[in-house]
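Have your viewer open and your selection tool ready. We will go from stop to stop, with something to select at each one.

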Amino acid sequence: QVQLVESGGGLVQAGGSLRLSCAASGRTFRSYAMGWFRQAPGKERECVAAISWNGGITYYADSVKGRFTISRDNAKNTVYLQMNSLKPEDTAEYYCAADSAPGNKVATIDRDEYDYWGQGTQVTVSS
């Protein structure tokens, strides 16, 4: 069983920054692919960033490319999402997800590949 706990959300003005953290349980965290997803009211949950098991491969949605950075610290069982130059359209509930299938996992944007999800953290960007 893997537990994911997000933190770092909040209210920020447009142009500001936030850093989300996701602390994971699980002895084999270092083999997981990890992703950050977001869901705004009335919209589907979308992948904004994903990272492979060793951090060597990352993926970003076009809407956040150049502004968001995903990273991980396998020694701390933690994945991060640094969000800069935030826009009102970034307002959403942000979720951390883990692909814990056996083997060293590459980054994936496919929501169905992720088998564990956090409870979410709200990010609100005011204009």
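Start by selecting Cys-47 and showing its side chain. Why does Cys-47 have no bond to another cysteine sulfur? The closest cysteine sulfur, in Cys-96, is 11 Å away from that of Cys-47, which is too far for a bond; a disulfide calls for sulfur atoms within 2.5 Å. Keep in mind as you look around that this is a predicted model. Now switch on a surface: Cys-47 has 8% relative accessibility, and because buried means under 20%, Cys-47 counts as buried.

Next, select Cys-96 together with Cys-22. Here the sulfur atoms are 2.1 Å apart, and the two residues form a disulfide. A search of the whole structure turns up one disulfide. Which parts of the chain does the pair of Cys-22 and Cys-96 tie together? Colour strand β3 (residues 18–24), where Cys-22 lies, and strand β9 (residues 92–99), which holds Cys-96; the pair therefore links parts 74 residues apart in sequence. Turn the view to look along the S-S bond: the angle about it is -75 degrees, so to speak the signature of a left-handed link between Cys-22 and Cys-96. Both Cys-22 and Cys-96 are buried.

Stay with β3 and select the whole strand. Is β3 mostly covered or mostly open? Five of the seven residues in β3 are buried, leaving the strand mostly covered. Now add its partners:

- Strand β1 (residues 4–7) runs antiparallel to β3, and four bridges join the two. Pick Glu-6 to find its bridge partner in β3, Cys-22, the residue you met in the disulfide with Cys-96.
- Strand β8 (residues 78–83) also pairs with β3, in the antiparallel sense, over six bridges. Pick Arg-19 and look across to Gln-82 in β8, which stands opposite.

While Arg-19 is selected, show the side chain of Tyr-80 as well. What sits over the ring of Tyr-80? The charged end of Arg-19 does, 4.0 Å from the ring centre. For another view of this kind, select Arg-72 and Phe-29: Arg-72 lies over the face of Phe-29, at 4.6 Å from the ring centre.

For the last stop, turn to the aromatic rings. How many aromatic pairs does a search of the whole structure find? The search finds four. Select Phe-37, Tyr-114 and Trp-117 together, and you will have one aromatic cluster on screen.

Note on methods. Residues are numbered from 1 along each chain as its sequence is written. This is a predicted model: local features need pLDDT of at least 70, side-chain atom pairs count only at pLDDT 80 or more; totals for chains, interfaces and linings use all residues. Side-chain values use heavy atoms; hydrogens and water are left out. Buried means under 20% relative accessible area, exposed over 50%, partly exposed in between (1.4 Å probe, protein chains only). Rings of Phe, Tyr and Trp (its six-membered ring) pair if their centres lie within 6.5 Å; planes under 30 degrees apart count as stacked, over 60 as edge-to-face and the rest as tilted. A charge sits over a ring if NZ of Lys or CZ of Arg is within 6 Å of the ring centre and within 35 degrees of the ring normal. Two strands pair if DSSP finds at least two bridges between them.
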